[in-house]
Amino acid sequence: MSHNIEELKLFIEERFNTPDWAPGYEEYEHFIEFKHLINRGIIRSAEYIDGAWITNTWVKKWILLGFKIGKMADFSNHGFPYYDKHTYPIKQFDIQDKIRLVPGGSSVRDGAFVGKNVTIMPPSYINVGAYVDEGSMIDSHALVGSCAQIGKNVHISAAAIIGGVLEPIGANPVIIEDEVFIGGNTGIYEGTIVQKRAIIAAGVIITAGTPVYDAVEGFYLPKHEGRGVTIPENAVVVAGTRALKSHPDHHVYCPIIIKYRDDKTESSVVLESLLR
């Protein structure tokens with residue numbers, strides 16, 4: 001049975017507003033249709049609409065529904081122990097998908113979208129609800145968390161963590177827009193938005209509560225209640241420090257925008273196009 005998106009929205013909202021409901025065949029049938037749509041990228045946990053990123057809370061509710069209706073299953077194979085809810089097995093790819101998934105511990109959970117010409121190096125992991133657009137690189141030991149949104153031609157370097165979020169329902173996922181470079185051993189969390197072509201240097205950590213200083217413009221980036229900080233387009237962010245107001249001789253961690261992308265920056269950022 002095929003359902004339109006508005007029907008799926010209505011169905012999940014009714015279930016979440018009904019306490020103590022017990023999942024059955026109807027819920028599972030609707031969930032399979034939902035997962036088909038999210039696997040194809042037709043629906044997403046967040047969308048860019050009228051100049052702003054909007055979180056689709058109903059999509060996150062459907063993902064959580066999948067855990068509730070799922071039953072524990074043994075997916076173990078060739079001596080590899082693997083036990084999880086049967087609704088979220090490892091995502092299966094085909095050669096026609098044009099996705100390079102290199103063996104050695106990498107996996108993608110079913111319910112995540114991965115676009116064509118994405119390269120996934122081992123070991124790395126893409127969790128349910130995530131969206132990874134065409135031409136991006138997920139390097140070794142990198143994590144793309146639940147519902148995180150990754151744009152086109154993004155480079156997620158080794159050991160970088162793109163934080164995930166399912167609960168609270170209204171919390172915004174991390175957004176990494178097109179052609180962003182995320183350096184090694186970085187952490188981007190709690191609804192942070194990194195706009196197009198920005199560069200996050202190795203070792204930078206950004207959370208919702210992290211003050212980020214724009215040394216080019218001379219001010220701290222504004223924060224908005226309920227949302228993470230937005231790193232501007234073309235910004236180059238490095239790990240730095242700031243003095244404490246109460247103790248000027250003592251410093252704490254602070255990411256700093258030291259410049260905006262220019263020709264010199266372009267020559268220093270190599271996206272391994274020959275390897276793709």
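Let us start with how this chain folds back on itself: among contacts between residues at least 6 apart in sequence, 40% join residues at least 24 apart. Keep in mind as you read that this is a predicted model.

Now take in the whole chain. It contains four helices and 26 strands. Its radius of gyration is 20 Å, close to the 19 Å that the globule rule gives for 276 residues, so the chain is as compact as a globular protein of that length. If you follow the C-alpha trace along its principal axes, you will find that it spans about 60 × 45 × 35 Å.

What about the inside and the outside? Of the 276 residues in the chain, 46% are buried. The chain exposes about 13,900 Å², and carbon and sulfur atoms supply 54% of that area. As for charge, there are 26 positive and 33 negative side chains, and the centres of these two sets lie 2 Å apart.

With that overview in hand, we can visit some individual residues. Our first stop is phenylalanine 67, which you can find in helix 3, residues 57–69. Which residues does phenylalanine 67 contact, leaving aside its neighbours within four places in sequence? They are Lys85, Thr87, Tyr88, Arg109, Val128 and Leu166. Take one of these partners, tyrosine 88: it is 21 residues from phenylalanine 67 in sequence, yet the two C-alpha atoms are 7.9 Å apart in space.

Tyrosine 88 also leads us to our next stop, tyrosine 82, since Tyr88 is among the residues that tyrosine 82 touches. Look for tyrosine 82 in the loop between strand 3 (72–74) and strand 4 (83–85). Is tyrosine 82 buried or exposed? Buried means under 20% relative accessible area, and tyrosine 82, at 17%, therefore counts as buried. Not counting residues up to four places away in sequence, its other partners are Ala73, Asp74, Phe75, Ser76, Pro89 and Ile90.

Next, move along to a pair of prolines. Proline 122 and proline 123 are joined by a cis peptide bond, with omega at about -20°. Proline 123 sits in the loop between strand 8 (119–120) and strand 9 (125–126). Both prolines are in contact with serine 140, and Met121, Ala158 and Ala159 also touch this serine, leaving aside its neighbours within four places in sequence. Serine 140 has its own place in a loop, between strand 11 (137–138) and strand 12 (143–144). Its side chain reaches the backbone oxygen of proline 122 at 2.7 Å. With a relative accessible area of 18%, serine 140 is buried.

There is another cis peptide bond to look at, this time from glutamate 167 to proline 168, where omega is near -5°. Proline 168 belongs to the loop between strand 15 (161–162) and strand 16 (175–176).

Further along the chain, threonine 192 gives us a residue inside the fold. You will find threonine 192 in the loop between strand 18 (187–188) and strand 19 (193–194). How much of threonine 192 is accessible? Its relative accessible area is 0%, so it is buried. Leaving aside its neighbours within four places in sequence, threonine 192 is in contact with Pro173, Val174, Ile175, Ile206, Thr207, Gly228, Val229 and Ile231. Closer by in the sequence, its side chain reaches the backbone oxygen of tyrosine 189 at 2.8 Å. Look, too, at alanine 208: 16 residues separate it from threonine 192 along the chain, while their C-alpha atoms are separated by 6.5 Å.Our last two stops are about backbone angles. What is phi of asparagine 185 near? The value is near 60°, which is positive in a residue other than glycine. Asparagine 185 lies in the loop between strand 17 (181–182) and strand 18. At 52% relative accessibility, asparagine 185 counts as exposed. Arginine 197 also has a positive phi, near 65°, and is likewise a residue other than glycine. You can find arginine 197 in the loop between strand 19 and strand 20 (199–200). With 27% relative accessibility, arginine 197 counts as partly exposed.

Definitions and conventions. Residues are numbered from 1 along each chain as its sequence is written. This is a predicted model: local features need pLDDT of at least 70, side-chain atom pairs count only at pLDDT 80 or more; totals for chains, interfaces and linings use all residues. Side-chain values use heavy atoms; hydrogens and water are left out. Helices (H or I, at least four residues) and strands (E, at least two) are DSSP runs, numbered from the N terminus. The radius of gyration is taken over C-alpha atoms; the globule rule is 2.2 Å times the number of residues to the power 0.38. Buried means under 20% relative accessible area, exposed over 50%, partly exposed in between (1.4 Å probe, protein chains only). Contact means heavy atoms within 4.5 Å. Accessible areas come from the Shrake-Rupley method with a 1.4 Å probe; for residues, only the protein chains shown count as cover. Lys and Arg count as positive and Asp and Glu as negative; His and the chain ends are not counted. The place of a charge is taken as NZ of Lys, CZ of Arg, CG of Asp or CD of Glu. A polar contact is a pair of N or O atoms within 3.5 Å; within protein, one must be able to donate a hydrogen and the other to accept it, and residues adjacent in sequence count only if both atoms are side-chain atoms.
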